[in-house]
Amino acid sequence: MTFEWIQIPYALLTLFIILNYGLLMTAVVRKLAARVGGRPGIPVYQNYIDLVKNFALRSKISHGVMYYLGPVFRLTGGIGLILFVPTIYGSSWAQNFAFAGDLVLALYFVFFGTLGMALGAGESGHPHSAIGVSRGLSQVTMAELPLALAVYAIAVQYQTLSITEIVAAQQGGLFNWTLFTNPLAVVAAMFAFVGTMMRSPFDVVLAPQEIPIGPPTEYHSAYLALMQTNRAIFPIAKTIIYMNLFFGGATSWAEFAIKAFLLYMIPAVIGVVHPRFRVEQSIRFFLKWGLPVGVLAILTV
Amino acid sequence: MAQIALATGFVLILAGIYGALTNRDILRMIVAFTIADTGVNVVLVAVGFLPGRTAPILDAAVPVAQAAERIIDPVPQALVLTAIVIGLGITALMLAYAYRLFRLRGSLDISNFTELKW
Amino acid sequence: MIRNVLIAGLVALLGVAFWTLAAGYVPDAELNRTAAYYAANAQTDVGAPNIVTGIIVTWRGLDTLGEVTVLFLTSAIIALVLAQSKTPPGASGAGFLPSGELLTTGSRMLLPLITLLGAYVIMNGHLTPGGGFQGGAILASGVLLMLLADPSHRFAHSVIARVESISGLAYVLVGLAGMALAGGFLDNGILPLGRFGAMLSAGAIPLISVLIGLKVGAEFSSILESLEETEDA
Amino acid sequence: MVSPVLILAIGLGTAFSLGLMKPARTRVLFGITLTALGVMSAIALGWTLALATGAAQTAEIHTAGVAPPFAINLRVGLPEAALLSLITLTGLLAALSMRAALLRLGRGSQAVLLVLVMAVSGLVMTRDLFNLFVFIELIAIATAGLVLLSQDERAIGAGFKYLVVSQIISILLLVGIIFTYHATGSLNIDDITVAPVAFRGASLAMFLLLIALIVELKPFPANGWALDIYTSAHPGFSALFSAATGSAALFVVDKVVAPAGTEWLPLLTGIGLLSFVASNIVALRQENDRRLLGYSSVGQLGLILAVIGQRDVLGDAYLYVAGGLILSHAVAKAGLFWMSSMVRGRKLEDWAALRTRAPMVLAFATFVAMLVGLPPFPGFYAKWDLAQALVAAGRLPVLTLILLGVLIESAYLFRWFGYAIKREAAENGLASNPVDCGITFATVAGGWALGYLWGNGPEQFNLLATLPAITAVVFILLEPLDARIKNGLAIAALLGWFAMVAGDYDPMRLIFAAVMIPGGAVILLASFTEKGRRLGFYPSAMAMYAGLALLLEATTFFEFFAAWEVMTLGSYFLILRGRMSEPHALSYILFSLGGAFAILTGFALASGGVQPHPIDGLQDVAAADLAPWVFVLLAAGFLTKTAAMGLHIWLPGAHAEAETDVSPMVSGILLKAGLFGLFLMLMQLGRQSLYGVDLTVVLAYIGAISAFLGAVLAVFQEDAKRLLAYSSISQMGYALFGVALMNHLGWLLAMMFVINHYVYKSMLFLAVGGVYKRTHTKLMYQMGGLITLMPFSFVSVLVGIIAMSGVPPLSGFGGRWIFYNAIMDADLRLPLILIFMAGPVGFLYLFRLIHTIFLGQLKDPHRKLKEAPVWILVPQMIFVAFLIAFAVLPGMALQKVDGYIGSIFGDQPLVWHGRAITSEFGYWNPVAIMAVIVMVFVAVFAILIAKNHDAQMVKQFNIVFSAERPYRPETTHFAWNFFAPYRKAMGFLETPVVTSFWGGVTGGINGAGEFTRRFYSGNGQTYAAHVLLFVVAVYLIAMGGIA
């Protein structure tokens, strides 16, 4: 695969679709969760309103260069992740810039936005930002571990690190999905998925309901708008990776929409019915449950 | 004959060493060592002894031609002289030391001179 | 007590080793080769009838030089050891009663005799039992007599030191002469061997004996004197 | 040439003739004494020279003009002549050192000294048993006399104890001599016939003779008397007692045992080893400098006695080995005793006064290195040959004990050296004067000259003749210059060397060389910050670089080992320069020496005694039975240098407490030496299994554990440099894991780490060091908000942590990509888990580093700080530029190495086309990655600028939480115990298991020393009883051995 200029508008189109999909879907999920709790919930277009409003606001406040760049890093991380992963298998245009790197690139690029965000938040000087980063990093060290093991397991299973080839290997029927060919790896990966989607019981990092804790504490206006954009696309980007690796990928946008939604619902459902873990509790949880499954996965490949 | 002299010498040595190691008084230690030295000297001379022979001096009684058959071994006798003188030197030195030690502490008990240890 | 028993045990164990030596000892029937060589060559090599003196002065001359040095060292060190405790001149012996007439006269009478005996023993060392050491010790006993008879009397230190030095130096020089003129260091062949059994024979042996005698006498005297001059004397 | 007898005659004649002078003319007398000693030395040196060059034959000197055995004879061959030179020169210098006492006590004392030197010389020359006895007694008496020169009143007691023991020795000796005479009919040593170790007759006589001579060597535990002398005598005399008398006594043992047959040698070996190890253990607890030297002396004598016990296997090398050890011991010990006469206090800490005179520190370092047997001194060459011979003869236990003893000895010697460099120096604690300094430097010069001589030995690699080593020595001479000039010269020297050698290296070696040599030059740029003369820095640094340069040049085992030791020694001195680094430098040198000894043994095992043995010859043993053991030993040595978990406890302190520009050197560069060694070893030996366990798998596990635990421990550090130090352990763990994978990509991964770790760790250490220079603290929670004040430092830390964490687009990602490709091939699964765990944990500590220093709240005391000094920033910016370039174009460094590794493994898993790299499993296009990220970043950034282009910096406390406005940075900066939740969950991993283990080991040895030294009760009678006990015990054991 090599670069051609046409890939740029193609990639932007993909990006646009995913952004809208993400905005709508997160709203739907929130509404579902509210209904489960007996509340009416937000309208499905609420995210658009928020986004437009925040983009319209301007700010004269900056805490420094890194603070200013934090949201940029964040959004670059989200967009970049989408661009480095092929979205639709077999599509001639929704391959993005996957030729730049393989699965390893995707796995490590996840941290790009996180790091930049954490740095920006850190410069704001708000202790809650630092506390949130501390919690988030502590938790992610364990939460990501089963995924790493699962990825290794399937890479060995398919003898490739190329996402496209992994998806290709899963074509030709439901039972070719990794979910069925290597269920242990999938279970392990799903531990990580649930653990890193920032939903209960693993959402103490942001502690969204009580006091604002976590990196975005000091951000507002257009800064917040960038981050909201990211919050819409980043989970989808991640879901795409999971979908590609474990659930047969997507050969069309419809398949993509359904699979992404279902996958996204997993942590949402779990989050609705579970109380919150403290950080050390979640670390122990992953150590106790996620890690052994991951170990089994790599030992049984 | 030689065995008796040897045994006597060894007994003196052992007695001397025992005395030197059990008497705390420095002067007594020195005396004990003199005894041991004497024992050594006796052993030295005893080793050169050959039964039925005479002193290694070539005079009318021992003509040069028969010397090898008539005299006892002269070497230990020469050695013992040196050993005696050396023993004497050391004894004198020890006495001088004893004197200095006495001046230092007003005591001749060796167990009083243990500042240097460990 | 326990200590003494332990030491007795150690000494006994050492005794076992010694006992083994003594029990396994078999006297030689013949002279061993060293002794046999000495017996055979005493006349031709050193020319001394007293083989022991020949060994001491010539064949094992280096030992003897060392031996003389031992005495030299001892006397020097004793002087050093006691130097700090020396009483000022004149004060020494103040506590003693003056020696009696009998003692003084008797010792004065004996002193020449003792000296003479010493000289005799030294000079005949290569012929009969005796030699430099024995003679030197006799000489020193004269000095001892003087010291005991008249504790307040002082010898001239410098004289003794001179004798000590000159005789020692001469001994070393004679040794070196052996290297230059004869077969090696301390070879007595620098002087003619002379007639076997005569007074002036056996090469340098009589000379060395004299030097040894003087040296030993001086060292002993010096030691005795140093001991005597301590304030407790 | 004059006869050597003149040495005796002049000594004796002068001693006698001193009595002819007036006692009052003390200076004249002393002048005569010195002249006599000088002439004696000249004769001895003349003979040494003549014999060494072959201009003269061994002199057989007959006294009395009669051939032996009928008259006493003397012999002067090369060993004798060398010893005579040593003895007479020591005598001369000792006389100078004792000048005050000798002048005070007058001619008598000078005569005694002359006689002593004469007697020791006689002891060496004589070939007659009884003459031996006479000289021994002369030495004993003279010693008892010279002890009195001391101002210390306790010396009188010590002298008496010594006489008591001498009496016992002389009794045993005489009995032994006379029965030997009875058995052989001769008193000549050459007539002693081969006697088996037996229970009676000639053998028993031989035993008594030998044991008496051995007791003269002050073997443990029968040596209380000697120690008291060392403690209380005049140090000038102690030097003579240790260097001259001790060496002569050793020679006598050798002389007597040689004709008695090899059956006696195990006896000597046993006694020597016991004495060596036990004395050193006891010395650990010693606080008095001279008594410490005493323990060290008796230990060294024990060592050489043990070497004499190996003469049957040393063959031709015997003189070279024993001589090297004796001379090293004698020169160093004499030098130290002479130095001690200048130090006023008697505690080890009082030697800190040396610091006021920089050349004195050099002297001290020289002597310590000589004693421990470090290059370039004779002991080093000797130790190597000894090890080769011992292993070839299958005497591994002997070698192990010797090395153990050396290690313990180096523990207290280097601890002492650390005191001297780091402790509070007492006011006026050094009575330095031209004469004593002159004596010390004459000794130092002698030591170096001997080092050169020994290096020039047959078929020997002379360290002091190599260009890097000479450069390091030149930097000692350049010390008076200004630091900036020296720094310029040092950089030029490094670059010059690299330009000279780079062309000859294969790509892999070239990468190591580039990191080590020009890499070192880049770090040295930071040293331009330092003003003044910066004494001690450049010789140490250049020694380290010389070691590294030679390491890369090495073609034989010996060259490699020598370079390794030079590097270790240089880096030790560098590390010791840090402000609080005393204990850490000590543990560094001890672990390093321990590791070096493992390497030494490994090499010896592999070479089987063949010298010189090429490194490439290692592959010849790969199939042999002992190959796994070679593997284990070498790996242990290299792993100590890379600070693998378990052997790592030296690293955090050593790296963290070092100076700002030293930390990057020892971390970024030095650690690579261990990797280099591992590469060499694995290239030659390949996979090895021991008891069915694949050792490379073990290595992989060690690497994985190090990677994980190092990272976890780094998370919990509050000290920025410690954090980086633990991170090094983790990073080296990764590299080790890569190497241990034993496949192409694993090695490429390790090479990538070699480059990357050098760059980002050097950069981070420099950045943190720059911050330290301004804030004067390394504790991160005391900093905060420095980003605006130190933007350049921030940028380098930012780039550093991105690169290190492996986040694209910087070069760390390349490492991760290769890693994934490498493990696809490997059949190792379990250690991978640890590696996977380590990755995110690394993220934790890196974020902490940047956050708590540069972000958060600025502290009040720091408001006026300036950016770090520009020279510290220059190398950082170079590194930043390099990292970005390397990220985009990894091929510029890696492609050639990749090809080279391919030639080793015979495969080529990576395909380089254009800027992209493809492997069997995946692909990586660094340019595309960089382009996409930059494009997206710029686009998003443009959007933000468009919206918030006029944002302004607000005040520090313009933040709101819980309805309050914070006003104190201390309470608002969230930094201390930053990862508290992580600690709650994973804190159990912090348990200092390894530290407690090593603490237990050292505690145990120290306890043994404390217990054992109670043995020396100070009672002369007890000491005599010890001697008796020793004799009887040896007797029983020896006889038990034959029964």
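The expected span of a helix is 1.5 Å times one less than its number of residues. Helices here are DSSP runs of H or I with at least four residues, strands are DSSP runs of E with at least two, and both are numbered from the N terminus. Helix H6 (residues 129–146) of chain D follows that rule: its 18 residues should span 26 Å, and its end C-alpha atoms are indeed 26 Å apart. This is a predicted model, in which local features need pLDDT of at least 70 and side-chain atom pairs count only at pLDDT 80 or more, while totals for chains, interfaces and linings use all residues. Residues are numbered from 1 along each chain as its sequence is written, and chains are lettered from A and ligands numbered from 1 in the order in which they are written.

H6(D) is also well tucked away, with 18 of its 18 residues buried. A residue counts as buried if 20 or more other C-beta atoms lie within 10 Å of its own, as exposed if 12 or fewer do, and as partly exposed in between, with C-beta atoms placed from the backbone. Helix H31 (residues 744–775) of chain D has 32 residues, and the distance from its first C-alpha to its last is 45 Å, close to the expected 46 Å. H31(D) is mostly covered too, since 29 of its 32 residues are buried. Even so, H31(D) has a kink of about 25°, centred on Asn756(D); the bend at a residue is the angle between axes fitted to the seven residues ending there and the seven starting there. Just after H31(D) comes His776(D), with a positive phi near 60°.

Elsewhere in chain D, helix H40 (residues 993–1013) holds Gly999(D). Is Gly999(D) buried or exposed? Gly999(D) is exposed, because 12 other C-beta atoms lie within 10 Å. Gly999(D) is 851 residues from Leu148(D) in sequence, and their C-alpha atoms are 43 Å apart in space.

Chain D also has an open sheet of three strands, in the order S5-S6-S7 with antiparallel pairing. Its edge strands, each pairing on one side only, are S5 (911–913) and S7. Two strands pair if DSSP finds at least two bridges between them, and S5(D) has three antiparallel bridges to strand S6 (residues 916–918) of chain D. One matched couple is Val911(D) with Thr918(D) in S6(D).

Next come the contacts between chains. Two residues are in contact if their C-beta atoms, placed from the backbone, lie within 7 Å. Of the four pairs of chains that touch, A and D share the most contacts. On this interface, 61 residues of chain D are in contact with 70 residues of chain A. Several elements give two or more residues to the chain D side, among them helix H33 (812–825), helix H34 (830–854) and helix H37 (926–948). That side has 43 nonpolar, 13 polar and five charged residues. Here Ala, Val, Leu, Ile, Met, Phe, Trp, Tyr, Cys and Pro count as nonpolar, Asp, Glu, Lys and Arg as charged, and the others, Gly among them, as polar. Strand pairing links these chains as well: strand S1 (residues 61–62) of chain A runs parallel to S8(D), joined by two bridges, and Ser62(A) sits opposite Met953(D).

Chain A does not touch chain B, as their nearest C-alpha atoms are 54 Å apart. Chain A has no contact with chain C either, and the closest C-alpha atoms there lie 66 Å apart. Chains B and C, however, do meet, with 38 residues of chain B in contact with 44 residues of chain C. H4(B) gives the most to the chain B side, at 15 residues. That side divides into 29 nonpolar, five polar and four charged residues.

The UniProt record adds some labels, in the numbering used here and with shortened feature names; such annotations may be inferred rather than shown by experiment. An unreviewed entry lists "transmembrane region" for several spans of chain A, including residues 65–85 and 97–121. In the model, residues 65–85 of chain A are 95% helix and 0% strand, with end C-alpha atoms 30 Å apart. Residues 97–121 of chain A are 76% helix and 0% strand, and their end C-alpha atoms also lie 30 Å apart. For chain C, an unreviewed entry gives "domain: MrpA C-terminal/MbhE" at residues 15–78, a span that is 78% helix and 0% strand.
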